[in-house]
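Student: I have a new structure open and would like to learn how to read it. Could you walk me through a few features?

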Amino acid sequence: MATSRGGKQQQPLLLHSPTPGGAAERRRFLAFLAVTAALVASYHHLLAPANSSRYHALFLSLGSNATAAAHLRALTLRPHVAGTEANAAAARYVLDAFSSLSFPAHITPYSVLLSYPTHRSLTLAAARGLAARPFALVQETYKDDPYADAAAEVIPTYFAYSASGSVTAEVVYANYGHAEDYAYLASRGVDVTGKVALMRYGDIHCEDMVRNARAAAAAAAILYTDAKDFGGSAAKGEKRKWFPDARWLPPTGVQVGTLYYGNGDPTTPLWPSCAAGEDCERLSAEDLSGSEAMPGIPALPVSARDGETILKAMGGDVAPTKWQGGEDAPVYRLGPGPAVLNLTYIGNETLATIENVFAVIQGKEEPDRYVIIGNHRDAWTFGAVDPSSGTAAMLEIAERLSKLQAKGWRPRRTIILCSWDAEEFALIGSTEWVEENMDTLASRAIAYLNVDISIFGPGGLRPRATPQLDELIKEASKVVPDPDEPSQTLYDTMMRYFPPITRVAGAGTDFAAFLQHVGIPSLDMSYGLFEEYPVYHSLYDDYVWVEKFGDPLFNRHVAVASVWGLIALRLADDEIIPFNYVSYASELEECTKDIVDKCTGFPVSFSPLQKSVKQLQSAATKIHKEKMLLQAENWSLNSKQYTQKARDINDRLMMAERAFTNREGLAGRPWYKHMIYASSDEDDWGTKAFPGIVSAMDKAKKSNTTESWRLLQHEIYRVARAVSKASAVLDGGLT
């Protein structure tokens, strides 16, 4: 018998697909199965070459809702923050799952700097005749919560790497914490200096919010989850509902996170960490305390209920309409004061062991070429959606691949499955591994395929990728039925959105080191919309939420695993790597036009970039024609000739993305080496094409100095050189 988090016995999970709850769901479920069977039967006509098509079709037929559900249940029995015993147990679970499938599996540990709370307190000082009010800073369990006992293991709400300290000061309301919000406060004569900045989640990452507060000279920061954004709404005359009665975040829900503005172990920037007991160079505590990557001020996350309590005690001018809350919220005022907060946070930054888990399926013909599948394992709380929905899908893929092996399949190229640790703190596990293996990966990795969160809820497949993967994503999605609309495929519903595929530019998950540090083609995807997942990083991200709202039938998990795994199989098995750089060149042409339009009349020339993009278009068209010709000539070439030509084309397709990197990196951000796609320097989740140009352009427009325009021109040349390098790689010749 399985045991619950509190030690109570549960019924064992039956090894069959979860039973749909109603007649409509049953009909949808049966339709899903029927369309799956039809698509699998016709698969070989749509995609794979004959020698692998039957295995790929078999892969699609092996999806198991029960397998995904069982893995998700097992992975979410306890909270498992990186560096804890519970997360080590989760690592062993993944290792055992891989090993039970006869895959060679291993753990690679690192000793890294993690951050935990030692003491937190927050009190609203006496004001307007009201007594001082301390805040409990506790997320309340709900009635009949099956995981209430295990909730005691959840680490108290906090921000990792927050500065320690005590602050007593008036409060200023700063909306979503954009730099523009602080500029507005200044225009209204509201001085943030020495105050506590109160901000609401919603638009940018918490680390950027706190950085902006520090830049405005705030002494501390409070971030709360506004009910307008996370609490849902109610029809007129009805009471608002939240989890477990609806998907919305309860009033005491708190979204935790990290404030470190960097990727990887803070003590080893730009170089790998090592295992405990080994000798490696590290930054000192003094180095870190003065680092711009650290937040520099104390900060705490609080609930909607606590945030609203603070706002009720504030005075000053009424905030703009766009800064206000929902219909039942109090009037939001800017301050400062008269509300005064006493905030204390004491953190413990300590070296702790994290564990990446790997399984390797050795390639037969090209074992030195790697297709890498990854998902992180650590979670701030129970982590049912983030990240365990992705882990469950990856383990479901692994079971399918094991069954293919039993039928005689071996991939042409090596497939590596990765379970990363400490992603939530700063993408640490994946970053340290990539930094340690950077040169090998640069010469051997075909692509990195990430799924952090496999399901948010309804909303269709939402992939983001580097553009040479677009065509492959579309092809694979055409043979997987949409779990919510079984008469349609994932492709059909995906194409309703514009754009149907977005770019992996923000640094929010584990593709960052692969793409933005090394230049490896990358993908990340999920099913549904983030807006459908309001319990993000809170206590309520548990198995019950997924079972009731995220994916009641576990069809969405299976659909994501199907398209994710099929893309990996195509990359691993197709003789010619299924990359298409023609669409990449077309996208860069559009991005260039957009940038040029924004700089009309300014003293810079974009002709170097425009010329390099035309070179890329020519080189991409050339290699695409070579690929088509080689496939047409296959019958007329002997095996050695074909293999040599295929290897040449594949090497050029694989290495072109590397050429978009620059060893010096982006200005002021040397870890980010990709010149085409990276996060915005003002929003770590933000997506920017030509990030160096965009950043320099924004600064030049603000300062309008000769030097700023010169620096913008320099960035244009740097990007143009990167695009020209990629063109040369695709072309395959020497000047």
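Tutor: We'll go through some backbone oddities, then a helix, then a strand and its partners. Keep in mind that this is a predicted model.

Student: Let's start with the backbone. Which residues does a cis peptide bond join, with omega about 0 degrees?

Tutor: That's the bond between G335 and P336. To find it, go to the loop between α9 (304–312) and β9 (340–361), where P336 sits.

Student: And which pair has a cis bond with omega about 10 degrees?

Tutor: D386 and P387. Here P387 is in the loop that runs between β10 (366–376) and α10 (388–406). Remember those two elements, we'll come back to them.

Student: What about phi? Which residue that is not a glycine has a positive phi of about 70 degrees?

Tutor: Y161 does. Look in the loop between β3 (159–160) and β4 (165–173). L270 also has a positive phi without being a glycine, with a value near 75 degrees. You'll find L270 in the loop between β7 (257–258) and α8 (285–289).

Student: Is Y161 buried or exposed?

Tutor: Buried: the cut-off is under 20% relative accessible area, and Y161 has 3%. L270, at 44% relative accessibility, counts as partly exposed.

Student: Now helices. How do I work out which way the residues point?

Tutor: An α-helix has 3.6 residues a turn, so residues three or four places apart point the same way. For a case here, take helix α3 (residues 65–75).

Student: Why is α3 described as largely enclosed by the rest of the structure?

Tutor: Because nine of its 11 residues are buried. Among the buried ones in α3 are N65, H71, R73 and L75.

Student: And strands? What should I expect of their side chains?

Tutor: In a regular strand the side chains alternate between the two faces of the sheet. A good strand to look at here is β10, which is largely enclosed by the rest of the structure, because nine of its 11 residues are buried.

Student: Which strands does β10 pair with?

Tutor: One is β11 (residues 413–420), in the parallel sense and over eight bridges. Within that pairing, H376 has W420 as its bridge partner. Another is β12 (residues 445–450), which runs parallel to β10 and is joined to it by five bridges. There, I373 stands opposite L449.

Student: You said we'd return to α10. What unit does α10 make with β10 and β11?

Tutor: Together they make a right-handed β-α-β unit. Try tracing β10, then α10, then β11 on your screen.

How values were computed: Residues numbered from 1 in each chain as written. Predicted model: local features only at pLDDT ≥ 70, side-chain atom pairs only at ≥ 80, totals over all residues. Heavy atoms only, no water. Helix = DSSP H or I, 4+ residues; strand = E, 2+ residues; numbered from the N terminus. Buried < 20%, exposed > 50% of the residue type's maximum accessible area, 1.4 Å probe, protein only. Pairing = 2+ DSSP bridges. Right-handed = clockwise from strand over helix to strand, strands pointing away.
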